[in-house]
Amino acid sequence: MRLGDEQAAIFEVQAALIEDPEWRDPIFGQVARGVRPEVAVAESTDALAAEIRAIPDEYLQQRAIDILDLGQRVLRLLGPGEVASLADLLDGPDVIVAAHDLTPSETLALEPGVVKAIVTEGGGRTSHTAILARQLGIPAVVGIPGLLATVRNGLVVAVDGDEGYCDLEPTGDIARRFSAAAPARDRPLLHAPVRTSDGVEVHVLANAATPNDVRRAIDAGADGIGLYRTEFLFAGDELPDEKVQESIYCEAAAAASGRPITFRTLDVGGDKDAPLLELEQELNPFLGVRGVRFSLARPELFSSQLRALTRTAVRYPNVRVMVPMLTVLEELDLVRDLAPDATFPLGAMVEVPAAAILASELAKTADFLSVGTNDLTQYVLAVDRTNERLSSLYDELNPAVVRLLGSIAAAAAATGTEAGVCGELAGRPLAAPLLLGLGYRHLSVVPPQVQNVKRAITACTLASAEVLAGQALRATRTVHVAQLLQPT
Ligand code: PEP
Ligand code: MG
C-alpha cells in the first residue's frame, strides 16, 4: 500500500457503496427485466451521481465522483477485456494531466515520477483527487474554470500545488521561476533539523495517524512527529482496548527512532466521527462536545487512553502528549488529574480563540503549545472548515489569523515555552518564512511537504523572515499577506 489508512478509507467508502441499495437495487431490477448488466450499471450510476450533484452542498456534490468511480470499475470488470487505463495512455517524461475531474482510482494509478502535475476543472480542496494527489506528492490544482476550453496537447503549464496556482503557457519571470525549480527527486534528502542561512535551527516534523505513517515520515526526513492523530484508532468498526492502544502507541513511538513523537489525545466530534463512540447529535457539532470536551465527558475512556500513553512513555521517552480543543485552563488541570503517573511532557493545542487569547497563561502551565491553524482559522473567521461554499473566506493568511499567530508565538517566547504549528499552514513552503519570522521553530507538516518546507527554510534568513512577518502583521487584507509570501 502506497498511502495511509486515511486514504484507504476513500476506497472503503466505495466498498460500502457496492452494497448500497440506492445504487444496487435499480441494477438488479433492470437486469431482472432483461436489461444488459453494463447498461444497468451505467444508468444506475449516472442517475445516483446526478442526484448527488443536485444536492445544494458542494462538499456532497464532490462525492458524485466516487459513485462514478465505482461504476467505471464495475463496468471494467463486466467489459470484454483489457481497457486502456488513463495511466496507460500517458507517454513522455513530463506529463501534466488535465481533466474535467479524476476519480480516486484514476488518481491513484498515476505514477508520481511520470505525472508532474494534475489540473482539473472540477473538484474543490476537499475533493478526493486533491487529497490523494497531495498524499502521492503530485502537485494538483483543482477547480480551474474554463480549463478544458484552453488546454491542448503540448501546452507548457506551470503548476504550484502548494499555493493552488496554475498558469497555462507561462511567460517571462514566471516561466523562468518554474523552470529553475529542480524536481524534488533529484535533490539530496535533508535529514536532521535544518538551519536558515543565518544559522537558526528549525525542526520540521510530520503529521501521522498510524505507525506506518510514522515510518514513512521518518524515511521522508521528518525530525519527528509533531501531531499523531489518535482518533483514527477509534473510527473503525472495533474500539481498541487499553492493551491494543498501548501496543499501537508503542509501535508508533518505536518507529520514530528516538525522535520526538507527539500523540494528540482523542479528538472526535465536529468533522471527526467515530460511530462506535456514539456521539450525540448536536445542532452545531463544531461548537459542541468535541476534542477534550468529549474526552472529559467520558472519563473512563479518556483515563484508559492516558494510561496507555503513560505506559508507552515509560518505554519510549521520546513520547509527548497534547490535548486538542482546549478552551479554558481548567481543562488542562483536569487532564493532569486523570493522568497522575504521567511522565510525558503535556502540551496544549491552541485552536480555539480563547486559548489563543490566553496563550501567555497557557504557556505557563503547558509544557509546550502547538497551534492547530485549521481549527483556529475556522473559529477566528466563523467559517466552517468543511463548507466549500465559504472556502474563499476560509484563509489562514487572513490578517486576523496572522496577528493571532504572532501573539501566540510572542506569548510562548516570553515564558520560554516551545510553540509549534501543526495545521495545514505549516506545510505550505511559501508560508515557512512567515511562521519563522513570527517566532515558530517547530513546524509539523504532511509528509510529502517535509523536504519542500526544509528547503524553504534553508533558503531564507531569520532577518528577512522577521521583516516579512512585520509587514504581514501590519497588513489589513488577506491578499496583501499572500502577496508578501510570493517569491520576488
Ligand atoms: C488543526 O485544527 O489545525 C489540527 C492540526 O487538527 P485537525 O485538523 O486534526 O483538527
Ligand atoms: Mg483541530
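Start by selecting Tyr-228, Tyr-249 and Phe-263: ring pairs link these three into a cluster. Keep in mind that you're looking at a predicted model. If you searched the whole structure for aromatic pairs, you'd find two.

Now zoom in on Tyr-228 and Phe-263. Their ring centres sit 4.9 Å apart with the planes at 55°, and because planes from 30 to 60 degrees apart count as tilted, that's what this pair is. Colour the strands next: Tyr-228 belongs to β8 (residues 225-229) and Phe-263 to β9 (residues 261-264), so the pair ties together parts that are 35 residues apart in sequence. Switch on a surface and see what happens to the two side chains. Tyr-228 has a relative accessibility of 1%, so it counts as buried. Phe-263 is buried too, with a relative accessible area of 0%.

Next stop: residues 157-160, which make up strand β4. Which way do the side chains point? Val-157 and Val-159 go one way, Ala-158 and Asp-160 go the other way, and all of them are buried.

Add residues 165-168 to your selection, and you have strand β5, running antiparallel to β4 and joined to it by four bridges. Look across from Ala-158 and you'll meet Asp-167 in β5. Then follow the chain around the hairpin, where four residues lie between the strands. Pause at Gly-164, which takes a positive phi near 65°.

For the last stop, select Arg-320 and Phe-368. Here Arg-320 lies over the face of the Phe-368 ring, at 3.8 Å from the ring centre.

Conventions:
Residues are numbered from 1 along each chain as its sequence is written. Chains are lettered from A and ligands numbered from 1 in the order in which they are written. This is a predicted model: local features need pLDDT of at least 70, side-chain atom pairs count only at pLDDT 80 or more; totals for chains, interfaces and linings use all residues. Side-chain values use heavy atoms; hydrogens and water are left out. Buried means under 20% relative accessible area, exposed over 50%, partly exposed in between (1.4 Å probe, protein chains only). Helices (H or I, at least four residues) and strands (E, at least two) are DSSP runs, numbered from the N terminus. Two strands pair if DSSP finds at least two bridges between them. Rings of Phe, Tyr and Trp (its six-membered ring) pair if their centres lie within 6.5 Å; planes under 30 degrees apart count as stacked, over 60 as edge-to-face and the rest as tilted. A charge sits over a ring if NZ of Lys or CZ of Arg is within 6 Å of the ring centre and within 35 degrees of the ring normal.
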